[in-house]
Amino acid sequence: MLSYILRGGLSLLVCLWALLLPQVSLHRLSHHGRSDHSVRDRPKLLLVSFDGFRWDYIDRVPMPNFRTIMDEGVKVEYVENAYITKTFPNHYSLVTGLYAETHGIVANEMYDPVLNQSFSMETDSIYDSQWWEEAVPLWVTVQKSGGRSGAAMWPGSDVKIHGMFPNQYLQYNASVSFESRVGRIIEWLSAPKEEAVDFGVLYWEEPDESGHNLGPQSSLMDVVIAGIDEKLGFLLNELKKAGLYEKVNLIVTSDHGMAQLSTDKIIELDEYVSRDLYTWVDKSPVVGILPKEGKLDEVYSLLADANPNMVAYKKEDIPEHLHYQHNVRIMPILLESKEGWTIMQNRTGPFMLGNHGYDNTLRSMQPVFVARGPAFRQNYVKTSMRSVDLYPLMCHILSIRPLPNNGSLLNVQDLLILEPTTPAPITPHPPITPKANGYSYAPVVGSFLGVVMVLGFLVVYVILVTLKQRPVLKHRSWEMSQPLLQEDLHL
Ligand SMILES: *[C@@H]1O[C@H](CO)[C@@H](O)[C@H](O)[C@H]1NC(C)=O
Ligand SMILES: *[C@@H]1O[C@H](CO)[C@@H](O)[C@H](O)[C@H]1NC(C)=O
Ligand SMILES: *[C@@H]1O[C@H](CO)[C@@H](O)[C@H](O)[C@H]1NC(C)=O
Ligand SMILES: *[C@@H]1O[C@H](CO)[C@@H](O)[C@H](O)[C@H]1NC(C)=O
Ligand SMILES: [Zn+2]
């Protein structure tokens, strides 16, 4: 009898150990899993801009790789970008969710009367932090939230902004190929878990450059556009090779579209106003005019009704819907030409066949927008969004708290698989905690296994008891052995 008790006790200990083992080991696993999740399995996001990729280019020639993203993800047909529809203002809007008047990069060429300094894409002035610090780009916010960012030549990403560069970035150099930019991005996204970037931005100069030189209507643009699809195909393939394709949320968009110009649509300012009366700060097709001291009214009256294909606004009269007024870097007079028209001082000087910068509600000024990845719905076409809505969407995907912005998650949340639990447009909302799949299973699974082990122990115990003590009952069924077991335990 004693041997049975000993055996039973021993078995009980084994059973208790078995009961605890799964708890402990699963707990350890889940703990391990949790720390993994915060680094390696944190949602990843790659934002790609093909400069000057007009929304309708995807329907112009076969675009199998864009098609793949649309089939596997989402497409937005009508994207209202930010005024003015130029490269620097719009790239900063995409990563801040702010209109240009608020983020402060109001043009590619600027003059700040408070700083008494000029900003130009053509000079090193772009590396002066002061121009950028009216806003905080998403890569900085990601890093301040404990994440990591990598940037391949996105405008502003090689500038120190609020004391920070992206964790990984490339100094702007137009000669660096798309393929090597992609190579670096892939390297950063797939780095060992503590170093891997969560948020990447990738910029490519085409099809903007060709759009300017050839004009969007040129049939030569077909080749350029098909070439962009091949570049996208390269990126998709590299993501696949690195095992990132199913993990990375990929957004492919642009800063603006492109309009066809012609030499018989030129407005010559010299016909209306003497060059001695003003400085033109930002150039065609939306011109920032800084009148000489005391010459504002004179210059304005000379330009106001000068040409039917051009509107002159005093700063305070710039239409509200353009959100382009409240910044010292916006000049006292703004000239806006009609679509397809070019403003020059006279007819000498370089002339482009394509340009952008016009009113952001013009279809020709609007960019492409497609996206795919674990956060996005599949094969879904949305009618419209504003490009400032992208910022709160990206913050949601990255589970970080957005800064105050002009976008609305509510406007774009239907692009996502899971609707946010607390949609709060414009105002900041609490960070959405990563979905805790699996953590809470451990105790349940452990207990379940424990119970199974207890039952297993009981089965074994009963079989042993019945075999030893009542050999004749070796073929007894379970039900019949139960009372015997209880009897023994009562001893
Ligand atoms: C602004 O800077 C220029 C030199 O870039 C200088 O000549 C001019 O006097 C400055 N104006 C003011 C108001 O400080
Ligand atoms: C820009 O990139 C090209 C091609 O990689 C390289 O040859 C050149 O040295 C780079 N220029 C600078 C200033 O780094
Ligand atoms: C046009 O302007 C340039 C300076 O930008 C000047 O050299 C040229 O003489 C002007 N042409 C005419 C026809 O006025
Ligand atoms: C855009 O957002 C900023 C920051 O919240 C705010 O200051 C600004 O007034 C907003 N602009 C518009 C037009 O709502
Ligand atoms: Zn551009």
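The buried residues of helix α10 pack against six elements in this predicted model: β1 (44-50), α3 (87-96), α5 (138-144), β7 (199-204), β8 (248-253) and α11. The helix is mostly covered, with nine of its nine residues buried. Those residues are Leu390, Tyr391, Pro392, Leu393, Met394, Cys395, His396, Ile397 and Leu398. As to orientation, α10 lies across β1, β7 and β8 and runs at about 150° to β1. Just after the helix, Ser399 adopts a positive phi of about 55°.

Following the chain onward, we come to Asn405, in the loop between α10 (390-398) and α11 (409-412). Is Asn405 buried or exposed? Asn405 counts as buried because it has 26 C-beta neighbours inside 10 Å, where the cut-off for burial is 20 or more. The C-alpha atoms of Asn405 and Leu98 are separated by 5.3 Å, although the two residues are 307 apart along the chain. Both residues appear again around ligand 4, whose surroundings consist of Leu98, Tyr99, Thr102, His323, Pro404, Asn405 and Asn406. By class, that shell holds three nonpolar and four polar residues, and no charged ones.

I turn now to the sheet beneath α10. β1, β7 and β8, across which the helix lies, belong to an open sheet of eight strands with mixed pairing, in the order β6-β5-β7-β1-β8-β17-β2-β18. Which strands stand at the edges? They are β6 (168-169) and β18 (380-386); each has a single partner strand, so one side of each is left without a neighbour in the sheet. Within the sheet, strand β5 (residues 149-152) pairs with β7 in the parallel sense, over four bridges. In that pairing, Ala152 stands opposite Leu202 in β7. Helix α6 (residues 178-189) also packs on this sheet, where it touches β1, β5, β6, β7 and β8. The direction of α6 makes about 180° with that of β7.

There is a second sheet to describe. It is open, has four strands in the order β11-β12-β14-β13, and its pairing is antiparallel. Its edge strands, β11 (278-282) and β13 (310-314), each pair on one side only. From one strand to the next, the twist averages 25°. Strand β12 (residues 286-291) and strand β14 (residues 333-337) run antiparallel and are joined by four bridges. Gly288 stands opposite Leu334 in β14.

Next, a helix pair. Two packed helices are described by the angle between their axes and the distance between the axes. What are these values for α2 and α8? Helix α2 (residues 64-72) packs with helix α8 (residues 220-241) at an angle of about 55°, and their axes are 7 Å apart. That angle makes α2 oblique to α8. On the α2 side, the contact involves Pro64, Asn65, Phe66 and Thr68; these meet Asp229, Leu232, Gly233 and Leu236 in α8. By class, the contact has four nonpolar, three polar and one charged residues.

I close with the protein as a whole. It has 13 helices and 18 strands. Of its 491 residues, 41% count as buried. Among contacts with a separation of 6 or more, 73% are between residues 24 or more positions apart.

Technical notes:
Residues are numbered from 1 along each chain as its sequence is written. Chains are lettered from A and ligands numbered from 1 in the order in which they are written. This is a predicted model: local features need pLDDT of at least 70, side-chain atom pairs count only at pLDDT 80 or more; totals for chains, interfaces and linings use all residues. Two strands pair if DSSP finds at least two bridges between them. Helices (H or I, at least four residues) and strands (E, at least two) are DSSP runs, numbered from the N terminus. Axes are lines fitted to C-alpha atoms, for helices over the stretch in contact, and angles run from 0 to 180 degrees between N-to-C directions. A residue is near a molecule or strand if its C-beta atom, placed from the backbone, lies within 6 Å of it. Ala, Val, Leu, Ile, Met, Phe, Trp, Tyr, Cys and Pro count as nonpolar, Asp, Glu, Lys and Arg as charged, and the others, Gly among them, as polar. A residue is buried if 20 or more other C-beta atoms lie within 10 Å of its own, exposed if 12 or fewer, and partly exposed in between; C-beta atoms are placed from the backbone. Two residues are in contact if their C-beta atoms, placed from the backbone, lie within 7 Å. Angles under 35 degrees count as roughly parallel, over 145 as roughly antiparallel, 65 to 115 as roughly perpendicular and the rest as oblique.
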